[in-house]
Amino acid sequence: MTIEFTARHFNVPGNLKEYAHDEVLKLKRHFQRIIQCQVILSHENNLYTTEINLSIPKRKLNVKESTDNVTKSIDRAVSKMAGRLSKYKGKLYQNVQFPKD
């Protein structure tokens, strides 16, 4: 999985970039076939917005979350994306019948 970072209207310190990278890597627990991830961090009017765009086979998933704290914004966006990945995975394997032993 390739991860791209973009910061708008502020400079991202190295430790915050590393924190976001570690949080996004946790999404691999929910779905292994993630191809690309874009993390866009922006700061406007005392609100930090985190936008996560995931590319998976045959689908693109987007999440956007805004709070007054940048780490809280990252955490909420990752949590929301984990829910969407779990829902997508459930729909993907809904009609698959596994062999019985």
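Let's start at R59. R59 sits in strand β4, which covers residues 59–67. Keep in mind that this is a predicted model.

Is R59 buried or exposed? Neither word quite fits. R59 counts as partly exposed, because its relative accessibility is 43% and that class lies between the 20% and 50% limits.

R59 also has company. Together with R84, K87 and K91, R59 forms a patch of positive charge on the surface. Which element gives the largest share of that patch? Helix α2, residues 70–92, with three residues.

Now step back to the chain. How many helices and strands does the chain have? Two helices and four strands. Read from the N terminus, the order is β-α-β-β-β-α.

Next, dimensions. The C-alpha trace spans about 55 × 20 × 20 Å along its principal axes. The chain has 101 residues, and 34% of them are buried.

What about contacts along the sequence? Take the contacts with a separation of 6 or more. Of these, 48% join residues 24 or more positions apart.

On to the surface. The chain exposes about 6800 Å². Carbon and sulfur atoms supply 45% of that area.

Last, charge over the whole chain. Positive side chains number 18, and negative ones number 10. How far apart are the centres of the two sets? They lie 10 Å apart.

So as you look at the model, go back to the patch. Find R59 in strand β4, then look for R84, K87 and K91, which gather with R59 on the surface.

How values were computed
Residues numbered from 1 in each chain as written. Predicted model: local features only at pLDDT ≥ 70, side-chain atom pairs only at ≥ 80, totals over all residues. Heavy atoms only, no water. Patch = residues over 30% accessible without salt bridge, like charges linked within 9 Å, V, L, I, M, F, W, Y side chains within 5 Å. Areas by Shrake-Rupley, 256 points an atom, 1.4 Å probe, with all protein chains shown as cover. Salt bridge = Lys/Arg side-chain N within 4 Å of Asp/Glu carboxyl O. Lys, Arg positive; Asp, Glu negative; His and termini not counted. Charge placed at Lys NZ, Arg CZ, Asp CG, Glu CD. Buried < 20%, exposed > 50% of the residue type's maximum accessible area, 1.4 Å probe, protein only. Contact = heavy atoms within 4.5 Å.
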